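This briefing takes up two topics in turn, a group of annotated residues and a sheet with its neighbouring helix. Please keep the sequence and the structure in view while reading.

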Amino acid sequence: MLRYAVVRGGLGLLAVRRTYLISRFAHSAPQSEYRPIKKVMVANRGEIAIRVFRACTELGIRTVAVYSEQDTGQMHRQKADEAYLIGKGLPPVAAYLHIPDIIKVAKDNNVDAIHPGYGFLSERSDFAQACADAGVMFIGPSPETVRKMGDKVEARSLAVSAGVPVVPGTDSPISSLQEAQVFSQTYGFPIIFKAAFGGGGRGMRVVREYEELEENYQRAYSEALTAFGNGALFVEKFIEKPRHIEVQILGDKYGNVIHLYERDCSIQRRHQKVVEIAPAFQLDPHLRNRLHADAVNLARQVGYENAGTVEFLVDKHGKHYFIEVNSRLQVEHTVTEEITDVDLVHAQLHVCEGRSLPELNLKQDKIRVNGCAIQCRVTTEDPARGFQPDTGRIEVFRSGEGMGIRLDSASAFQGAIISPHYDSLLVKVIASGKDLQTASSKMSRALAEFRVRGVKTNIPFLQNVLSNHQFLHSTVDTQFIDENQELFNLKPTQNRAQKLLHYLGHVMVNGPTTPIPVKAKPSSIDPVIPPVTMGDPPVGFRDILLHDGPEGFAKAVRAHQGLLLMDTTFRDAHQSLLATRVRTHDLKKISPFVSHNFSNLFSLENWGGATFDVAMRFLSECPWKRLQELRALIPNVPFQMLLRGANAVGYTNYPDNAVFKFCEVAKENGMDIFRVFDSLNYVPNMLLGMEAAGAAGGVVEAAISYTGDVSDPMRQKYSLDYYLKLADELVKAGTHILCIKDMAGLLKPEASKLLVGALRDRFPNVPIHVHTHDTAGAGVAAMLACAEAGADVVDVAVDSMAGMTSQPSMGAIVACAKGTKLDTGIALEKVFDYSEYWEVARGLYAPFDCTATMKSGNADVYENEIPGGQYTNLHFQVQDLTYLLTLVCPPLSQVTPSSKIVGDLAQFMVQNNLTRAEVEERADELSFPLSVVEFLQGYIGIPHGGFPEPFRSKVLKSLNRIEGRPGASLPPMDFKALEEGIRAAHGEEITPEDVMSAAMYPKVFQEFKEFTANFGPVDCLSTRLFLDGPKIAEEFEVELERGKTLHIKALALGDLNKAGQREVFFELNGQLRSVLVKDTVAMKEMKFHPKAQKSIKGQVGAPMPGKVLEVKVEVGSKVEKGQPLCVLSAMKMETVVNSPVAGTVKAVHVTTESSLEGDDLILEIEE
């Protein structure tokens, strides 16, 4: 503590050393010129301010920072010994351009010298003069030299006088657009505008055509005015594809000038340097000498003192042209320091004090190049969106370090706020090595170590540059980025840990992301996985399928002795009992056990039907990934899926090629058996699905949707003869297996014997498979009756997932068949172990469990004929189910999508208190649910017996009617265009499976991709955490992948802030992390600017955060595609927002000076 107090008081060890140095140099420097510096102010911000502060501290000089109101939280003010506010009430940039405030702070606090950094006032001669007038030293050239060099026209004239070649250009700054037009007519295009009083790419615009001249002149003028306080421009001929080489010079007050070699700054975008190299790679030695000589001669001619840079363009013929002198320290000075071992800021300070270069041991013959250095400017910009600046809060920051790496930064720390007001530079990374390849390797390694979360960065782009063959082994020019579009093939960062924290925080603040029907909480107990033997699983029926094909598989099934079972636990059981909510996470855990102990199952139903869209819609996981992962874990048991005929896995009709493609992709991903059905038993729809499944190489299992009661002679609409005729058509069409799909559990034992017996007699060689539900409680008896009558396969669910609206009990069937001709060959004790796992797992889904409203099965299903899954859902949605069912007499076989139609109509009647008679009487005036209307139009096919009249005509009135198969008239789906569209929306990491998801469910897939973009893959979370989030102080582990486990602890929830957010705190792998989460309830009461919806072309959103400078259209304006709509300013760059479509401006949501966040709605265009 004592040492700290002494240092802050100015009497520390560095100050003692400083006193010694002053004494020593006082004898060698001219006494009249020497003025020791004891306190330095940096009239700048960010990393350059900190760079100067560090140099001052090393020399024992006290430091002073200045900061704007927007920079109160910036690091540079904390790094200085003193810090003072400037520009109160002024805009962010204007604060650092306010000379009176800066001079006042310097005078009030006894500042000896001011370092201008780069940008802002660094090349303003009036600032240098103001310093001199105030008796404060300016760490840079004299005001007159700054004026000459800052005026690029005069600098050109001086270069000509010194014999340095220059690019053709105007002799003085232009003052009007007309002068630019005259110049372009004289020299032709392309031309380039440049700010006369600053650099760094601000106010610089290339113009290639006359039509672009006026817009680019206005933008360049405005940028220059904003950045440098003076909009003066000059114009010159634009040299195509040059190298940009600059020479570092250093002069003193005694006429000594040296160079510190050159830097290659050719890798640029928007005329701003991205990567700099010293020395220039593969530069001709003679050209190198000429560049050095011209730079030194020009500096001597103007009496240049302090540090500066002379910039040149080198064309493809090796000719060089002077472009400008930057009379300040450059951003890329670091690479020169690394190769020459000269501290340029130290040198600047010493020269300002009056020391000569020889005194500092800086002589030309002693300056040597040692190896190579590369600087990468890591910025908060998104290369995928044209390098648009990104803003926000840095949630995670971890830098790359190690041998040969130097970091110069200011805002690079966790919790830093990146604002739109200033430059987007985050950190400068400098790598040194013996040659370019070595330095590049170190740089690549360091960039790979960086972890920046919360804002986008250009790191993926920089990594592509560093691995580019041309960059590593040849020369590059200023068109390098434009001509190498592969640099924009960016490898997306995974950011899995932080995204998971965002998800957990969202659930903690806003509750579950999936709708919860009841208030029950998920169980806190995770299921125990029963032990699994080591080694490969036993041979199963899938091995027969793979060896003998679908026909051989069907023969093997028919020839099998005993009853075969299909386990529905992985799909229809949880669809019926748990609203289809079981996650892949819990299915994967038990899969190895199933593979090893149930290898003699006919199949495992685990995919298709409602599970496909629910996976994306409510579980936020990819259904294809589920199929892939389960296939890898269960290689020996055939998988079966539910295919809704021409509806595939959707609720609508698709073009024929979409159904064929879907089956093809499903088969490639591991699907084996396709159970094809149609809710209306409409054969044309079924035949399409059967053809698609067969063409994909799958086993075709045509399913007859069963309703009614074939054993009741009074119910003859769906008679035995009806089912036999339907089966005739399906067998004739080539089905491998014939299925009875009893979705409501209506098959009674007597009806089972009649139907299955008749089918067995008619088709002795075709395997018969029966599916039912146990809603009435007679499922086990019915399935045993089916087996006795000749069925080969029946559906069951493991005991703890069986009964009620699910399938009959696996354990009951196994036990009843044991020791008989129907023996399943399944060990009952393994069923118990299997059931125990699901009994506990089921508790995780308590909020969705049908037992929340249903306590038992109910024989009323024989009257209402509601399918199992829908029976459960209606219990959640309509409590008085008995009342509901008295209103509707279902005329259809109820299975998706017909069950949805009946359910929608039933709920419509309940909500509007309508009787069946009233519905029929008022059909022409009621607004029926869309599903009902589309059914009557014929969108899902033609029901047995036709449509009800006059009910249909009353509802439809003049609406069109579809005759025949609905999908037959649809044009083929353009998969190439679909893929291009989703790649444009979601990036290049798109798979054929993604394309099929988008084809089946465009909106659901879009929302799923948006979810994963925000929260990443959440399937690694346990089910309780996924549904309910962690409790405060709870510790848990999340395995991202094998060998990568996160240790997480939930710490606290913060209060609501002005933006409607709460900060949620975690400990991740021992480090504090926090995320900001929008409180959706609170935000409803707060007003926010609307966001543009990306799916609506006419909604134009802000491409980046910023301020509106100009709105070029108004409501009612006619606009063409590509027409400028408005101008935004962010990070001192101006961006023109162009119209994405042609049309009429419907609404304008911004005005001049509006401050916008990314994607804020600017205006709406009606095509």
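Leaving aside neighbours within four places in sequence, D572 is in contact with E605, H771, H773 and Q807. The model is predicted, and the two contact partners H771 and H773 also appear beside D572 in a UniProt annotation from an unreviewed entry, discussed next.

**The annotated residues**

- The UniProt annotation "binding site", which comes from an unreviewed entry, covers D572, K741, H771 and H773. These residues span 202 residues in sequence, yet no two of their C-alpha atoms are more than 12.1 Å apart, so they gather at one spot.
- D572 lies in helix α21, which comprises residues 572-577, and D572 is buried, with a relative accessible area of 1%.
- K741 has its place in strand β28, made up of residues 737-741, and K741 is likewise buried, with a relative accessible area of 1%.

**The five-stranded sheet and helix α3**

- Five strands form an open sheet in the order β3-β2-β1-β4-β5, with parallel pairing. Strands β3 (82-85) and β5 (137-138) stand at the edges, each with a single partner strand, so one side of each is left without a neighbour in the sheet.
- Within this sheet, strand β1 (residues 39-42) pairs with strand β2 (residues 62-67) in the parallel sense over four bridges, and V40 stands opposite T63 in β2.
- Helix α3, formed by residues 46-58, lies across β1, β2 and β4 (113-115), and the helix runs at about 170 degrees to β1.

Methods
Residues numbered from 1 in each chain as written. Predicted model: local features only at pLDDT ≥ 70, side-chain atom pairs only at ≥ 80, totals over all residues. Heavy atoms only, no water. Pairing = 2+ DSSP bridges. Helix = DSSP H or I, 4+ residues; strand = E, 2+ residues; numbered from the N terminus. Contact = heavy atoms within 4.5 Å. Axes fitted to C-alpha atoms, helices over the stretch in contact; angles between N-to-C directions. UniProt positions renumbered as here; feature names shortened; annotations may be inferred. Buried < 20%, exposed > 50% of the residue type's maximum accessible area, 1.4 Å probe, protein only.
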